[in-house]
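Biologist: I have a new model on my screen and would like to know what stands behind the labels people put on it. Could you take me through a few of them?

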Amino acid sequence: MKVPWLGATILLGSLANMGIAGFDVILLPIYAKSVHGIEAFGWFLTSMAVGSLLCALVIGRIDRLAKRGILYYSFMAASGLFVISLAMTPPFWLILVILAAFGFCLSAFIIIWESATQELIDKKLLGRITSIEMFFGLLLLPVSYSLFGWLVDKVVNLSLTIVIAGITIFLFSILGLFNRKIRTLN
């Protein structure tokens, strides 16, 4: 089975996940505490969950997504831009909207990826492919947590570290978006 986009997409998704995980696990609680007190963290997570739910309701109603590779990488890129926008410390209500949009985008590209792999990968190989994908995604989590924790604690301020996380997500998604062989997902 030859699927030119598969390995590259797993690699790019895993590298982008470093920015996503660094933001979501390390930076978001610090951000919540610094801008509105730690109580805001619950609101932030709730807002992301609302965005994810809306995404599931919207995408779940679509039978077949056209240009799913472009959508996959576009949603991923948009999530990076939403992360970057938080560094400007918008008003609380706008942070909630941005995080809902972030949650929507995260769920969108995950749903698109899962549906594409289930449809396009030979059923005999699907379990192995999913295992490889999970392995690489999890393999980079300690690197992500250490890197973003070190950046925010020892090197630069919170806003710049958030921008770095967003750029990480955006950069790796753009690499996939502008490569026709990778973005096809078919």
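**What stands behind the labels**

Modeller: Gladly! Take valine 50, which has a relative accessible area of 44% and is partly exposed. Keep in mind that this is a predicted model.

Biologist: Why is valine 50 called partly exposed?

Modeller: Buried means under 20% relative accessible area and exposed means over 50%. Valine 50 has 44%, so the label is partly exposed. Its place is in helix H2, residues 39-59.

Biologist: What makes Val50, Leu53, Leu54 and Leu57 a nonpolar patch?

Modeller: A patch takes residues with over 30% relative accessible area and no salt bridge, and nonpolar side chains are joined within 5 Å. Val50, with 44%, passes the area cut-off. Together with Leu53, Leu54 and Leu57, Val50 forms a patch on the surface with about 380 Å² of accessible area.

Biologist: Now serine 34 in helix H1. Why does serine 34 count as partly exposed?

Modeller: Serine 34 has 49% relative accessibility, and exposed begins over 50%, so serine 34 counts as partly exposed. Serine 34 and glycine 80 are 46 residues apart in sequence, and 21 Å apart in space from C-alpha to C-alpha.

Biologist: What is notable about the phi of threonine 89?

Modeller: Most residues other than glycine have a negative phi. Threonine 89 is not a glycine, yet has a positive phi of about 50°. This residue is found in the loop between H3 and H4. At 41% relative accessibility, threonine 89 lies between 20% and 50%, so the label is again partly exposed.

Biologist: How do you know that lysine 154 forms a salt bridge with aspartate 153?

Modeller: The rule asks for a side-chain nitrogen of Lys or Arg within 4 Å of a carboxyl oxygen of Asp or Glu. For lysine 154 and aspartate 153 the closest N and O atoms are 3.7 Å apart, so the pair qualifies. By this rule the count comes to one salt bridge. Both lysine 154 and aspartate 153 are exposed.

Biologist: And which residues line the largest pocket?

Modeller: The lining has 21 residues, with Gly13, Asn17, Phe109, Ile110 and Glu133 nearest the centre. H1 gives the most, nine residues, and helices H1, H3, H4 and H5 each supply at least two. The volume of this pocket is about 500 Å³.

Biologist: How does the lining of the largest pocket divide into nonpolar, polar and charged?

Modeller: There are 13 nonpolar, five polar and three charged residues in the lining. Gly counts as polar, so Gly13 falls in the polar group.

Terms used: Residues numbered from 1 in each chain as written. Predicted model: local features only at pLDDT ≥ 70, side-chain atom pairs only at ≥ 80, totals over all residues. Heavy atoms only, no water. Patch = residues over 30% accessible without salt bridge, like charges linked within 9 Å, V, L, I, M, F, W, Y side chains within 5 Å. Areas by Shrake-Rupley, 256 points an atom, 1.4 Å probe, with all protein chains shown as cover. Helix = DSSP H or I, 4+ residues; strand = E, 2+ residues; numbered from the N terminus. Buried < 20%, exposed > 50% of the residue type's maximum accessible area, 1.4 Å probe, protein only. 1 Å grid on protein atoms, 1.4 Å probe; cavity = no way out; pocket = protein on both sides within 12 Å on 5 of 7 lines; lining within 4 Å. Points joined across faces, edges and corners; volume = space filled by probe spheres on them.
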